[in-house]
Amino acid sequence: MLDSPGVVLSTQEQSDSLILRQAIKVEQVDDPLRIVEALMARIDHEELQRLYNIEKITTLAALLGHISHKKGFLKSGGAANFDQAARSIIRDYLDGKMHYFTPAPHVEGMEDLDASGVGQDEEMI
């Protein structure tokens with residue numbers, strides 16, 4: 001007999017997806033930096049720059065360092081606490097502070113429709 005938890009994760013990508021859907025608590029994440037890397041791949045860097053008031057995001061370390069210093073997430077000696085900064089970014093995402101969406105797929109023949117679903121040459125009845 002095999003007893004397992006309700007959710008069995010087979011890949012890291014599935015694990016990341018569950019965390020970003022709030023199925024797993026931020027505090028239970030073993031590697032929050034990996035999750036922030038996944039967020040950086042999803043979210044437009046301009047959105048992150050706007051939210052955190054950063055001129056340019058070059059690397060994950062630069063983003064985490066900036067947030068650590070801005071929010072006071074520092075270890076002894078003044079070193080940036082990347083773990084705490086990464087968890088803060090994940091919380092911001094889960095709280096809806098970052099605007100993220102997936103664009104609708106392109107469908108052939110739909111270019112001429114306006115927002116109401118009526119073509120430019122057609123008339124609403």
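Axes here are lines fitted to C-alpha atoms, for helices over the stretch in contact, and angles run from 0 to 180 degrees between N-to-C directions. The model is predicted, so local features need pLDDT of at least 70 and side-chain atom pairs count only at pLDDT 80 or more, while totals for chains, interfaces and linings use all residues. Residues are numbered from 1 along each chain as its sequence is written, and side-chain values use heavy atoms, with hydrogens and water left out. Helices are DSSP runs (H or I, at least four residues), numbered from the N terminus, and strands are E runs of at least two.

**Exercise 1. Describe helix α4 and its surroundings.**

Step 1: Start with the span. Helix α4 covers residues 60-71, 12 residues in total, and reaches 16 Å from its first C-alpha to its last, close to the 16 Å expected at 1.5 Å a residue. The expected span is 1.5 Å times one less than the number of residues.

Step 2: Find the buried positions (under 20% relative accessible area; exposed is over 50%, partly exposed in between, with a 1.4 Å probe and protein chains only). In α4 these are L60, L63, L64, G65, I67 and S68.

Step 3: See what they pack against. The partners of these buried residues are α2 (32-42), α3 (45-52) and α5 (82-94).

Step 4: Look just past the helix end, where G72 has a positive phi of about 80°.

**Exercise 2. Work out how α4 is oriented against α5 and against α2.**

Step 1: Recall that two packed helices are described by the angle between their axes and the distance between the axes.

Step 2: Take α5. Its axis and that of α4 come within 9 Å and cross at roughly 90°. That makes α4 roughly perpendicular to α5 (65 to 115 degrees; under 35 is roughly parallel, over 145 roughly antiparallel, the rest oblique).

Step 3: List the contact (heavy atoms within 4.5 Å). From α4 come A61, L63, L64, G65, I67, S68 and K71, and from α5 come F82, A85, A86, S88, I89 and D92. By class there are eight nonpolar, three polar and two charged residues. Ala, Val, Leu, Ile, Met, Phe, Trp, Tyr, Cys and Pro count as nonpolar, Asp, Glu, Lys and Arg as charged, and the others, Gly among them, as polar.

Step 4: Turn to α2, which packs with α4 at an angle of about 110°, the axes being 11 Å apart. These two helices are therefore roughly perpendicular to each other as well. L33, V36, E37 and M40 of α2 meet L60, L63 and L64 of α4, a contact of six nonpolar, no polar and one charged residue.

**Exercise 3. Which residues touch the most other members of the largest nonpolar core?**

Step 1: Define the core as a set of buried Ala, Val, Leu, Ile, Met, Phe, Trp, Tyr and Cys residues joined through side-chain atoms within 4.5 Å.

Step 2: Among its 25 residues, V36, Y52, L63, I89 and I90 touch the most other members. Two or more residues come from each of α1, α2, α3, α4 and α5, and α5 gives the most, with six.

Step 3: Follow I89 outward. Beyond its neighbours within four places in sequence, I89 contacts V36, L39, Y52, L63, L64, I67 and M98.

**Exercise 4. Is N53 buried or exposed?**

Step 1: Place N53 in the loop between α3 and α4.

Step 2: Read its accessibility: at 63%, N53 counts as exposed.

Step 3: Check the backbone. Phi of N53 is near 55°, a positive value in a residue other than glycine. Most residues other than glycine have a negative phi.
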